[in-house]
Amino acid sequence: MTGSPEAPAGRQELRKTLRPQWVWAVALGSAIGWGAFVLPQDLLGQAGPLGASLGLIIGGALMCVIAVSYGLLIRHFPVSGGEYAYAYTFFGRTHAFIAGWALVLGYVSIIALNASALALLFRRLLPAVVEWVPLWKVAGWQVYLGEVVVASAALLIFAFLNARGGTLSGRVQYAFCLVMLAAVACILLSTWLHPDTPLSNLEPDFPNGVSPVSAVLVIVAIAPWAYVGFDNVPQAAEEFDFSPTKAFGLIVLAIVAAAGIYVAMLIATAVAQPWPQMVADAPAWGTADGLERLFGPIGLVLLAVAVVMGVSTGLNGFYVSASRLLFAMGRARVLPSFFAKINDAGAPGRAVWFAAGLCLIAPLFGREALLWVVDMTSVGVTIAYTYTCLAAYKLWQWSGSDQGEPDLRSSGRKVLSGLGALTGALFLGLLLLPGSPAQLSTPSWIALGVWVALGIVFYTVRLRSSRQITDEEMQHLVLGEHGRAPAGKGGSGHPSAG
């Protein structure tokens, strides 16, 4: 396929095949992934049942504030690339590269981590399947050839699925999300109603020696990571077969459902056994131990279904976003044009397989080393959130203004966009400022420094060829028919080559 027949020469466009329920499933499945099922005991150890639940709910509410900006920008710029396109439109090429580079690492890392979570599931439930041919240890984690094979197989299967086009991946995503929701509901109800799970298992509300405020803030700080995935919606906006005005509602519904799943699994883990003792025992997987104690193999099977669905939707959703972001940056010639090719199925196949190739390296390094990289992806996605909210702030006009289109004059929404940007700055502060309860670990700082250095090198190498593209050409490549900025942009004109 060479793009839509109406597409101007030199700019390929993706087919409009994605239905609303598929887009909702992409956002929800991406936001859940493996974390809701593997991390409850860690969250309980940090904040306790009440602290972790409040932190997740507050974090979800803050993400909804940020989603206001996403809904506006998707409506006006329904093109692949999402945050990259928004940063370009309102802040220029350099800022767009920063936003795009940060997101590429975040998306690819989460794909790899979801694959490793699938290997961890097999390691817990069917150790004989993965614990064969020990290879080496990385940060104390024994890497087996078996788990490398399992993780690699998952990466290749979902790469193939995505390379076959948005329709197939969308249908699979929606079906898997429905199964995951049903499994989580069964887990919560069965643990809550079991005669051996008194409510006293949920006490105390917070860990001993930890202040409630600190406990909640620690969890709020990971919200950009916990809910990362709703921002996959703008990456797929070019493929909507419905009005982009529906995007905001789909994003909010996905965030609410994701918060519900996180809290449900947290409460189910805490009520299944006295949580302070579980945290003190430091089991490999406290949630699995609790369900197995209560229900035997049936409990593990139910958990396995939920995890497989969560991991699969995470893999699929972030393949969608990573490939569309690479496609958009390739189409804008910030990356090689190799990434901008569309295959006969209407998918950016080369971008899909490139993301898969990067991820296939990760299983060789073990889960602990990969966690160092993933810890700092919160920085990358927060940077993208902040750019989006700042762009929306520039697009909205005050209610009494005589500038811009009438439907872009809203003081309330302009304030919400500003609050979204401040929220992004708050998240960055919690992650980066010394003394913060959620400050990055030293290995994560090193990983972040390496990625930043690579970005500087890559940007410098591409700078000369990028400057040969005029502003008008770049605007056409990034935004297509949506290239004329709305009047609400405040007369700032189109982005410069800066």
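A nonpolar core is a set of buried Ala, Val, Leu, Ile, Met, Phe, Trp, Tyr and Cys residues joined through side-chain atoms within 4.5 Å. Keep that handy for the first exercise, and bear in mind that this is a predicted model.

**Exercise 1. The core**

Task: Find the residues with the most contacts inside the largest nonpolar core, and the helix that gives the most to it.

Solution:
- Start with the core itself: the largest one has 162 residues.
- Inside this core, Leu-28, Phe-37 and Tyr-227 have the most contacts.
- Helix α5, residues 93-125, gives the most to this core, namely 19 residues.
- Now zoom in on Leu-28. Leaving aside residues up to four places away in sequence, Leu-28 touches Cys-177, Met-180, Leu-181, Ala-254, Ala-257, Ala-258 and Ile-261.

**Exercise 2. Helix α15, from length to burial**

Task: Check the length of α15 against its residue count, then work out how enclosed it is.

Solution:
- Helix α15 covers residues 297-331, which is 35 residues.
- At 1.5 Å a residue, α15 should span 51 Å.
- Its end C-alpha atoms are 50 Å apart, so the two values agree.
- Next, burial, which takes a relative accessible area under 20%. In α15, 29 of the 35 residues are buried, so the helix is largely enclosed by the rest of the structure.
- Finish just past the helix: Arg-333 takes a positive phi of about 65° there. This residue sits in the loop between α15 and α16, and its relative accessible area of 38% makes it partly exposed.

**Exercise 3. Three salt bridges**

Task: The structure holds three salt bridges. Place the partners of each pair in the chain and say how buried they are.

Solution:
- Take Arg-93 and Asp-471, whose side chains meet at 3.2 Å, N to O. This pair links distant parts of the chain, with Arg-93 in helix α5, Asp-471 in helix α21 (residues 471-479), and their positions 378 residues apart.
- Compare their accessibility. Arg-93 counts as buried at 7%, while Asp-471 counts as partly exposed at 27%.
- Move on to Arg-331 and Glu-238, paired at 2.9 Å, N to O. Arg-331 belongs to helix α15 and Glu-238 to the loop between α11 (232-235) and α12 (247-271); they are 93 residues apart. Both Arg-331 and Glu-238 are buried.
- Last come Glu-239 and Arg-324, at 2.8 Å, N to O. Here Glu-239 is in the loop between α11 and α12, Arg-324 is in α15, and the two are 85 residues apart. Glu-239 is buried, and so is Arg-324.

**Exercise 4. A nonpolar patch on the surface**

Task: Which elements each supply at least two residues of the nonpolar patch? Then look at two patch members up close.

Solution:
- List the members: Trp-132, Val-133, Leu-135, Trp-136, Leu-145, Val-149, Phe-338, Phe-354, Leu-358, Ile-361, Leu-364 and Phe-365. Together they have about 990 Å² of accessible area.
- Map them onto the fold: β1 (134-138), α7 (145-163) and α16 (349-359) each supply at least two.
- Check Leu-145, which is in helix α7. Its relative accessible area is 31%, so it is partly exposed.
- Check Val-133, in the loop between α6 (127-130) and β1. Val-133 counts as partly exposed at 41%, and it has a positive phi of about 60° although it is not a glycine.
- Turn to the buried residues of α16, which are Gly-349, Ala-351, Val-352, Ala-355, Ala-356 and Cys-359. Their cover includes α5, α7 and α15.

**Exercise 5. Helix α19 and its cover**

Task: Repeat the length check for α19, then name some of the elements covering its buried residues.

Solution:
- Helix α19, residues 411-432, has 22 residues and should span 32 Å at 1.5 Å a residue.
- Its end C-alpha atoms are 31 Å apart, which agrees.
- Among its buried residues are Lys-414, Ser-417, Thr-423 and Phe-427.
- The cover over the buried residues of α19 includes α3 (40-76), α9 (212-221), α10 (223-226) and α18 (377-395).

**Exercise 6. A cis peptide bond**

Task: Where does Pro-204 lie, and what is the omega of the bond leading to it?

Solution:
- Pro-204 lies in the loop between α8 (166-193) and α9.
- The peptide bond from Glu-203 to Pro-204 has omega near -5°, and it is cis.

Terms used. Residues are numbered from 1 along each chain as its sequence is written. This is a predicted model: local features need pLDDT of at least 70, side-chain atom pairs count only at pLDDT 80 or more; totals for chains, interfaces and linings use all residues. Side-chain values use heavy atoms; hydrogens and water are left out. Patches are made of residues with over 30% relative accessible area and no salt bridge: like charges are joined within 9 Å, nonpolar side chains (Val, Leu, Ile, Met, Phe, Trp, Tyr) within 5 Å. Accessible areas come from the Shrake-Rupley method with a 1.4 Å probe; for residues, only the protein chains shown count as cover. A salt bridge is a side-chain nitrogen of Lys or Arg within 4 Å of a carboxyl oxygen of Asp or Glu. Helices (H or I, at least four residues) and strands (E, at least two) are DSSP runs, numbered from the N terminus. Buried means under 20% relative accessible area, exposed over 50%, partly exposed in between (1.4 Å probe, protein chains only). The expected span of a helix is 1.5 Å times one less than its number of residues. Contact means heavy atoms within 4.5 Å.
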